[in-house]
Amino acid sequence: MMDIDDLLQEVSAHAVPQETRDLQELTRCWVAERAAPELLEWPEELMGRVLERIRRQIDIIEEATGSMDASTNFKLIIIQTELERFKFLVRSFLRARLKKIDAHPHHILSLLPAQPSLLSGTEHAYLTNHQALLANHYHASFLSQFPVPLQKLDDTTGGVSMVERPDENAAVFVRALREVEEVFVEGTERRFRMARGDVWVVRWRAVKGLVRAGMVEVI
Amino acid sequence: MYGEVGNKLVHHAKRTQALTNLPAYQTELVRAVTREVRDLDKDVAAILEPFAGTFNPSTEPATACALLVNHLCMRRNKRCLLAYHRTRTDKLEEMCWNGVDVLERQHDQHPGGRSHAEGQSSGSAADGSSSSLSPEEEEYVRQYSDLLAAYKGQWTDIDLTGSLEPPKDLFIDVRVLKDAGEIQTEYGAITLTKNSQFFVRQGDVERLIAQGYLQRLS
């Protein structure tokens, strides 16, 4: 359901230039990725635009350096400062993702068939290569001398699964971007509604669908 | 006792987490745990042999219990070994990310420890180095560095291993702690001689700060 506020927001969103919206989007992705216990979708288009713009700014800086003109130099410093901030955002974002990729590799691999856009191409390559290296290392160090039925690395028999999963019950802070009729927390009897702008502390499991749909944001 | 050696490995792993340097690889313990697993596996085979594939747990509860204990011990040992190795590789990966040349440092660190290490691990001929890494781990570090370099190569504009602190100032004051030679910046070349001080762009010198050549002044 859309109310007048949503409509107003949509209208004003078009007045904001694409660059500004991308920065907001990138910041939002960065915050969400750092706060959410689970790996989120790879924002392919957004990253493409951001990286393209970073490259352009670097070109501008390279062309204009060496100029002795004071006002150009001042402009350059502003561009460079902005560039450093952008680079930091992207770097921190990528590192946060890599950390999760390294923590739950098998789990993420098992999700990939259903969610092919979870990882970027390079991340996927990193994940598979890294796991191959690790498996090799375990094998060379001790696993090759084990009885064959015990050599698996993703064994789920014997009561203890070897595949580590992210903690979906971890609590996250979220803010509602739109009115959410009902949130149901699985395993409890809690049901509640979120008005727009409300901030809640909820289990990740209960709101992850809403985060994906853009109804709430992680803060 | 079942699993006692595995427990020692876990203690080692736990201790490693709190250390900045990697302690020596426990070749003997790893081998002992692996041997225990193989022995247990042989025991299981020996227990099952008279039944010739027709073992029924409900008619022989005592034997079934023995088998279960053996199986659980094997799995537990495997977990201990995996945890031990994973803790160490995590540490090594962290060093790779921080730009520490692990292999070089290992060889620098124990110049006199060579004969000592050889005496301890008399069994393996390949372990001639003085390093606290196993040969497999050295290989792993080499391969992981390559992997990391390849991944970083996709993001040359970003410098993935750069600082994870939000940038505040574009330029910073640094003092040179060790002679680092000449570096190229957008504002020309700077020669970094010991004890001199510079006002430079943070992005240009981040690496050198991480490697200990420069100190940031606040």
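These are my notebook entries on a predicted model with chains A and B.

**Entry 1. The two chains**

I began with the secondary structure. Chain A holds seven helices and five strands. Chain B also has seven helices and five strands. I read chain A along its sequence as α-α-α-α-α-α-β-β-β-β-α-β. Chain B, taken from the N terminus, runs α-α-α-α-α-α-β-β-β-β-α-β.

Next I looked up burial. In chain A, 21% of the 219 residues are buried. In chain B, buried residues are 19% of 218.

Then I checked contact range, counting pairs at least 6 apart in sequence. In chain A, 62% of these contacts join residues at least 24 apart. In chain B, the figure for residues at least 24 apart is 66%.

**Entry 2. Helix α2 of chain B**

I picked out α2(B), residues 27-48. The helix has 22 residues. Its first and last C-alpha atoms are 32 Å apart, close to the 32 Å expected at 1.5 Å a residue.

Which residues of α2(B) are buried? I found B:Val30, B:Val33, B:Thr34, B:Val37 and B:Leu40. Viewed down the helix axis, the buried residues of α2(B) fall within an arc of 115 degrees, so they line one face. I noted the general rule beside this: an α-helix has 3.6 residues a turn, so residues three or four places apart point the same way.

On the other side of α2(B), I listed B:Glu28, B:Asp39, B:Lys42 and B:Ala46 as exposed.

What covers the buried residues of α2(B)? The cover includes α1 (4-18) and α3 (61-97) of chain B, together with α6 (121-141) of chain A. I marked that this cover draws on both chains.

**Entry 3. Nonpolar cores**

I turned to the largest nonpolar core, which has 16 residues. The residues with the most contacts inside this core are A:Phe142, B:Leu9, B:Val33, B:Val37, B:Cys80, B:Leu81 and B:Tyr84. Helices α1, α2 and α3 of chain B, along with α6 of chain A, each give two or more residues to the core. I saw B:Val33 and B:Val37 again here, after meeting them as buried residues of α2(B).

I followed B:Tyr84 outward. Leaving out residues up to four places away in sequence, B:Tyr84 touches B:Leu9, B:Val10, B:His12 and B:Ala13.

I also found a second, separate core of 13 residues. Among its members are A:Val172, A:Val174, A:Val183 and A:Val207.

**Entry 4. Where the chains touch**

How many residues does each chain bring to the contact? I count 32 from chain B and 33 from chain A. On the chain B side, α2, α3 and α6 (135-153) each supply at least two residues. The largest share of that side, seven residues, comes from α3(B). By class, the chain B side has 16 nonpolar, eight polar and eight charged residues.

**Entry 5. An annotated span in chain A**

I checked the UniProt record. An unreviewed entry annotates residues 166-219 of chain A as "domain: DNA replication complex GINS protein SLD5 C-terminal". In the model, this span is 17% helix and 43% strand. Its end C-alpha atoms lie 19 Å apart.

**Entry 6. B:His11**

Last, I looked at B:His11, which sits in helix α1 of chain B. B:His11 counts as partly exposed because it has 13 C-beta neighbours inside 10 Å; the exposed class ends at 12 and the buried class starts at 20. I also took its separation from B:Leu208. The two are 197 residues apart in sequence and 36 Å apart in space, C-alpha to C-alpha.

Key
Residues are numbered from 1 along each chain as its sequence is written. Chains are lettered from A and ligands numbered from 1 in the order in which they are written. This is a predicted model: local features need pLDDT of at least 70, side-chain atom pairs count only at pLDDT 80 or more; totals for chains, interfaces and linings use all residues. Helices (H or I, at least four residues) and strands (E, at least two) are DSSP runs, numbered from the N terminus. The expected span of a helix is 1.5 Å times one less than its number of residues. The arc is that of the directions from the helix axis to the C-beta atoms. Two residues are in contact if their C-beta atoms, placed from the backbone, lie within 7 Å. A nonpolar core is a set of buried Ala, Val, Leu, Ile, Met, Phe, Trp, Tyr and Cys residues joined through C-beta atoms within 7 Å. UniProt positions are given in the numbering used here, feature names are shortened, and annotations may be inferred rather than shown by experiment. Ala, Val, Leu, Ile, Met, Phe, Trp, Tyr, Cys and Pro count as nonpolar, Asp, Glu, Lys and Arg as charged, and the others, Gly among them, as polar.
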